[in-house]
Amino acid sequence: MTAWDLDKYKGVFVAMYSAYNEAGEVSPDRVKKLARYYVNSGVKGLYVGGSSGEGILQNVEERKAVLKAVMEEVGQELTIIVHIGANSTKESKELAIHAEALGAHAVSAVPAIYYRLSEKAVERHWQEMIDSSSLPFIIYNIPQTTGFNLTQSLFKKMVALDKVVGIKMSGESVFELQQFKANSGKEFLVYNGPDEQYLGGRIMGADGGIGGTYGVMPELFCQLETFYQNGAIEKAQDLQNKINAIITKLLSFPSLYGATKAILSLRGIETGSPRLPLLPVQENDWEALRELNQEIESLIQIYA
Ligand SMILES: CC(=O)N[C@H](C=O)[C@@H](O)[C@H](O)[C@H](O)CO
Ligand SMILES: CC(=O)C(=O)O
């Protein structure tokens, strides 16, 4: 029995992109427009300030400003999970306190990066930020980028804490994903990370997904979820294949987020370029981006 109604945390969560003005500063106004864009797409909620949101490229004040704008605009309509992972535990604790004050629905974090940390260090890092608020906590396991691969044994220690209600599993092994579910020993949320295998993650036990490409095609992931729920597996496979062709193209640009933000700008949603070191798109990318946007929009027409 957990203290939270976990149903409101299940489903498709857009990993929201950063939104900057032309000078590259956080723009609360643009954050709000972007958040609003997702409200009628069918998604359950937003994951704010994660990899896609460039949380770790922003300072604490900027991260607070982003969350404030999101909560003001859509906090009553969507479930908001906020990423508070930072290099120092101190910053993460401050963000946890702020998230609770603003009424966010859950906090989440990667291990601290840069230092090669022991399991004990990561455990303490997470524990301190979990203790800093009464919000539920979702572990973010993304070994490809952090270099820290969460073991089942550390996982079992974390999951013993009441406030640990879920994990975002961005490693590509659906077996490990299934093991997190099996080893949780309680009602527990598992989110699929790799968008390319949403269906695989779902079939192996994920309760939904949080993804960095959903933001340019949320309707397609919602439709994929509906196919899965209805047992229409062949249709789901076919749609996942089509989505994967799009993701492959998105990943061929100088950065994924440069490409996704450019696509949104073609739809009139301005969010600026990603922050360096994430590369922006180049002048000669726009033609391909326009074509790709058309391809995505026609798929959305077909499915939505
Ligand atoms: C490694 C990584 O960033 N994984 C993301 C989240 O888990 C995914 O959403 C990817 O961005 C997506 O699957 C594209 O490869
Ligand atoms: C990519 C992703 O899921 C994130 O923004 O954390």
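Guide: A polar contact is a pair of N or O atoms within 3.5 Å; within protein, one must be able to donate a hydrogen and the other to accept it, and residues adjacent in sequence count only if both atoms are side-chain atoms. This is a predicted model, where local features need pLDDT of at least 70, side-chain atom pairs count only at pLDDT 80 or more, and totals for chains, interfaces and linings use all residues. Residues are numbered from 1 along each chain as its sequence is written, chains are lettered from A and ligands numbered from 1 in the order in which they are written, and side-chain values use heavy atoms, with hydrogens and water left out.

Visitor: What makes Ser51 a polar contact of ligand 2?

Guide: A backbone N or O atom of Ser51 lies 3.0 Å from a ligand 2 oxygen. The cut-off is 3.5 Å, so the pair counts. Ser52 offers a backbone N or O atom at 2.7 Å. For the Lys168 side chain, the distance is 2.6 Å. The protein covers 92% of the 210 Å² of accessible area that ligand 2 has on its own (Shrake-Rupley method, 1.4 Å probe).

Visitor: Why is Gly212 called a polar contact of ligand 1?

Guide: A backbone N or O atom of Gly212 lies 2.8 Å from a ligand 1 oxygen. That is within 3.5 Å, so it qualifies. Gly193 also uses a backbone N or O atom, at 3.4 Å. Ser170 uses a polar side-chain atom, at 2.4 Å.
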